[in-house]
Amino acid sequence: MSTHDGGAGDPHYAAALAVAEASLRAGGVPIGSALVIDGELVATGSNRRVQDCDPTAHAEITCLRNAGRITDYRDATLYTTLAPCDLCTGAVLLFGIPRVVVGEAVNFTGGLQLLRDRGVEVTILDDPQATELMAGFTASHPELWNEDIGVPDDQKS
């Protein structure tokens, strides 16, 4: 596992963070993602589950949808402001995306270990801005957060 401080100085990560903040302003879950291939920003996406009433509209999935049909992800890096959940981890593995850059994994560790176990290079930026964004959201909207990550009703606190 690679870990770095900050990360907002990377324009690709900054693009993911910007769409996360826009999602929050639109009443959604503040998670953003950016797909980069051969150093070029191909697409961004935010978590749009609330806005689109779509349970699969997680940031990474929305980003991949926005990128359109791509036949080769060997030179791709997926940036995400939060560690990917099981759904998004599965998409990374399905498409063979070799690198994932994560803004923060404090509020949610997601499927990072599975990604590593399957040979995906995972970099965690430990971005305090992303950490604070998610901490504030989960504290003020626990019901949306639990719904987003699939916490069953009998396990919600």
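Visitor: Before we start, what counts as a helix or a strand here?

Guide: Helices are DSSP runs of H or I with at least four residues, strands are DSSP runs of E with at least two, and both are numbered from the N terminus. Please also keep in mind that this is a predicted model.

Visitor: Okay, so how many helices and strands are there in the protein?

Guide: The protein has seven helices and six strands, and if you read along the sequence they follow the pattern β-α-β-β-α-α-β-α-β-α-β-α-α. The radius of gyration is 14 Å, close to the 15 Å that the globule rule gives for 157 residues, so the protein is as compact as a globular protein of that length.

Visitor: And what does the C-alpha trace span along its principal axes?

Guide: It spans about 40 × 30 × 30 Å. Of the 157 residues, 48% count as buried, while the area that the protein exposes comes to about 7500 Å², with carbon and sulfur atoms supplying 51% of it. You can also look at contacts between residues at least 6 apart in sequence, where 55% join residues at least 24 apart.

Visitor: Let's pick a helix. Is α3 enclosed or open?

Guide: Helix α3 is largely enclosed by the rest of the structure, because seven of its nine residues are buried. Those buried residues are A59, E60, I61, T62, C63, L64 and A67, and they pack against β2, β3, β4 and α4. Just after the helix comes G68, which takes a positive phi of about 80 degrees.

Visitor: You mentioned α4. At what angle do α3 and α4 pack?

Guide: Helix α3, residues 59–67, and helix α4, residues 86–95, pack at an angle of about 40 degrees, and their axes are 8 Å apart. That angle makes α3 oblique to α4.

Visitor: Which residues make the contact?

Guide: From α3 they are E60, I61 and L64, and from α4 they are L87, C88, A91 and F95. Sorted by class, this contact has six nonpolar residues, no polar ones and one charged one.

Visitor: Hm, why do residues three or four places apart point the same way in a helix?

Guide: An α-helix has 3.6 residues a turn, so residues with that spacing point the same way. In the contact just described, I61 and L64 of α3 appear together, as do C88 and A91 of α4.

Visitor: Which residues of α4 are buried, then?

Guide: They are C88, T89, A91, V92 and L93, and they pack against α3, β4 (76–82), β5 (99–104) and α5 (112–117). After α4 comes G96, whose phi is positive, near 70 degrees.

Visitor: Switching topic: at what angle do the axes of α6 and α7 cross?

Guide: The axes of α6, residues 128–140, and α7, residues 142–149, cross at roughly 105 degrees and come within 5 Å. Since angles of 65 to 115 degrees fall in that class, α6 is roughly perpendicular to α7. The contact is made by M134, F137, T138, A139 and S140 of α6 together with P142, L144 and W145 of α7, and these residues divide into six nonpolar, two polar and no charged.

Visitor: What lies in the loop between them?

Guide: H141 lies in that loop, and at 31% relative accessibility H141 counts as partly exposed. The C-alpha atoms of H141 and V29 are separated by 9.1 Å, although these residues are 112 apart along the chain.

Visitor: Where in the structure is P128, and is P128 buried or exposed?

Guide: P128 has its place in helix α6, and with a relative accessible area of 47% P128 is partly exposed.

Visitor: Last topic: which residue other than glycine has a positive phi?

Guide: One of them is D126, whose phi is near 50 degrees. D126 is found in the loop between β6 (121–124) and α6, and at 34% relative accessibility D126 counts as partly exposed. D38 is also not a glycine and has a positive phi of about 50 degrees. D38 sits in the loop between β2 (32–37) and β3 (40–46).

Visitor: Is D38 buried or exposed?

Guide: D38 counts as exposed, because its relative accessibility is 60% and the cut-off for exposed is over 50%.

Definitions and conventions. Residues numbered from 1 in each chain as written. Predicted model: local features only at pLDDT ≥ 70, side-chain atom pairs only at ≥ 80, totals over all residues. Heavy atoms only, no water. Axes fitted to C-alpha atoms, helices over the stretch in contact; angles between N-to-C directions. Parallel < 35°, antiparallel > 145°, perpendicular 65-115°, else oblique. Contact = heavy atoms within 4.5 Å. Nonpolar A, V, L, I, M, F, W, Y, C, P; charged D, E, K, R; others polar. Rg over C-alpha atoms; globule rule 2.2 N^0.38 Å. Buried < 20%, exposed > 50% of the residue type's maximum accessible area, 1.4 Å probe, protein only. Areas by Shrake-Rupley, 256 points an atom, 1.4 Å probe, with all protein chains shown as cover.
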